[in-house]
Amino acid sequence: MELVALYKRVIGLDIHQAQITACALIEEADGKPPRIEQRQFGAFKRDRRELADWVAALKPDEVVMESTGIYWKSPYAALEAVGIRAKVVNARHVKNVPGRKTDVGDAHWLATLARAGLLRGSFIPPTKLRELRLIARQRQKLVGQLASEKNRLHKVLTDSGIRLGVVVSDLHGQSARAMVKAIIAGEPLLEVLKLASRRLKASREELFDALQGDMTASHRFVLDELLRHIEEIEARITRFDARLLDELESERNTLALLQTIPGVDLIGAAMLLVEIGGDMNAFGSADCLASWVGICPGNNESAGKRKSGQIRKGNLYVRRLLCEFAHAASRTTSVFKSKFQSLVVRRGYKRAIIAIGHKILRTIFFMLKRREHYRDSAVDYEALSVQRNAPRWIKSLIKFGFIPPAKA
């Protein structure tokens, strides 16, 4: 099958850690078969600059590269610096024929597909958002480490016979952490109990029984190191939050817009904005955005039979955020709660969370595209406004003499 050429000058780049293989297909005006130019470059900065100069000199209509891990980012930035917006394509869409796979062959295959206009570029955010992704993604790693260390501290406490987690809902709340520090310091139980807040639901007798254990010097040493590490990670997360919000100061209106959705807080809105950007025209439709994230049902049908609709791999960071939003939204008075309750019975907890995350993402797409805040279909905002403000309005009417004060 012969492919119809849509572009006359295309370049395919096969990128690896230490080497970049380039293949250019150049069609001249005389109508002869396209001329093939093949070059190999290193991966250092001077090599990337040489690659960018070579590509710019050919004045291509399309430059295509495969999204190989993180190795494509530096060559992409080098091409972007000389005014060339390369097209980064999914590796699943450009598989070559088995048995014919070489670096030169891959570059030539990329150029051939690009010349026929058969490749669709992936979403690449602007330079600023790409830099902020480093901050947001490292923050997610720190949050994971923090959860792991907190679980480990709970496990060591249980190993020593202390069952504080049984009577306290949050082992890392202000009161519980103060008691844990006092236990590590070896203070008497009566002194430890004085640190318990009166807001705790557990009685003093229950706390006294839970704090009794057989703590050894090894337990104290490990608990002390764990607690220091937890506080250090918490301080790092705070610094990451401050840096991320400072860099997104110009997007405060968009952040405020996203926070109108149930379950989305300021940090969550900032981390989501860094991943998907604020311009929804880059995705085209809510379906394309959901497919890019990998949170929509899979499409697998053969011989008229629907097979497994398991979600595919997409942007893991966005999917994690959406699952967190879905967990929070399922506990609010909104349409997401009623949808979750109807799904969890039929489909199970995990599938219900994915479905709510999918619904939230589609809602976000239309909000950002239309620049409109969230309005829940399950909430009567006018009645809610009257209910909240009626006492204040009545006080004002009484104050200015429009209504006589109520008699005692």
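Trp72 is buried in this predicted model, at 10% relative accessibility, where buried denotes under 20% relative accessible area, exposed over 50% and partly exposed the range in between (1.4 Å probe, protein chains only). Tyr76 is likewise buried, with a relative accessible area of 2%. Local features in this predicted model required pLDDT of at least 70 and side-chain atom pairs pLDDT 80 or more, whereas totals for chains, interfaces and linings use all residues. Residues are numbered from 1 along each chain as its sequence is written, and side-chain values use heavy atoms, with hydrogens and water left out.

Aromatic pairs were assigned to rings of Phe, Tyr and Trp (for Trp, the six-membered ring) with centres within 6.5 Å; planes under 30 degrees apart were classed as stacked, over 60 as edge-to-face and the rest as tilted. Under this rule, eight aromatic pairs were counted. One of them joins Phe41 and Trp54: the ring centres are 5.7 Å apart and the planes stand at 50 degrees, so the pair is tilted. This pair connects distant parts of the chain, since Phe41 belongs to strand β3 (residues 35-42) and Trp54 to helix α1 (residues 45-58), 13 residues apart. Helices (H or I, at least four residues) and strands (E, at least two) are DSSP runs, numbered from the N terminus. Phe41 counts as buried at 4% relative accessibility, and Trp54 counts as buried at 10%. Between Trp72 and Tyr76, the ring centres are 5.7 Å apart and the planes lie at 85 degrees, so this pair is edge-to-face. In addition, Phe123, Phe283 and Trp292 are linked by ring pairs into a cluster.

Strand β3 also contains Glu37. Glu37 is partly exposed, with a relative accessible area of 23%. The C-alpha atoms of Glu37 and Cys23 are 5.7 Å apart in space, while the two residues are 14 residues apart in sequence.

Side chains of opposite charge can pair when their charged atoms come close. With a salt bridge defined as a side-chain nitrogen of Lys or Arg within 4 Å of a carboxyl oxygen of Asp or Glu, a search of the whole structure gave 20 salt bridges. Glu80 and Arg130 form one such bridge, with the closest N and O atoms 2.8 Å apart. Because Glu80 lies in helix α2 (residues 73-81) and Arg130 in helix α4 (residues 127-159), this pair ties together parts that are 50 residues apart in sequence. Glu80 is partly exposed at 22% relative accessibility, and Arg130 is partly exposed with a relative accessible area of 21%.

A salt bridge also joins the side chains of Arg139 and Asp241, at 2.4 Å from N to O. Arg139 is situated in helix α4 and Asp241 in helix α9 (residues 217-247), so the bridge ties together parts that are 102 residues apart in sequence. Both Arg139 and Asp241 are buried. Helix α9 further provides Glu231, which is linked to Lys181 of helix α6 (residues 174-184), 50 residues apart. The salt bridge between Glu231 and Lys181 has its closest N and O atoms 2.7 Å apart. Glu231 counts as partly exposed at 30% relative accessibility, as does Lys181 at 40%. Elsewhere, Lys8, Glu27 and Arg115 are joined into one network by salt bridges that share partners.

Surface patches were built from residues with over 30% relative accessible area and no salt bridge, joining like charges within 9 Å and nonpolar side chains (Val, Leu, Ile, Met, Phe, Trp, Tyr) within 5 Å. Accessible areas were obtained by the Shrake-Rupley method with a 1.4 Å probe; for residues, only the protein chains shown count as cover. Lys and Arg were treated as positive and Asp and Glu as negative, with His and the chain ends not counted; the place of a charge was taken as NZ of Lys, CZ of Arg, CG of Asp or CD of Glu.

A patch of positive charge on the surface comprises Lys339, Arg346, Arg347, Arg351 and Lys359. Helices α14 (335-347) and α15 (349-370) each contribute at least two of its residues, and α14 supplies the largest share, three residues. Lys359 is located in helix α15 and is partly exposed, with a relative accessible area of 33%. A nonpolar surface patch of about 210 Å² is formed by Ile394, Ile398 and Ile403. Of these residues, Ile394 is placed in helix α16 (residues 381-399) and counts as partly exposed at 44% relative accessibility.
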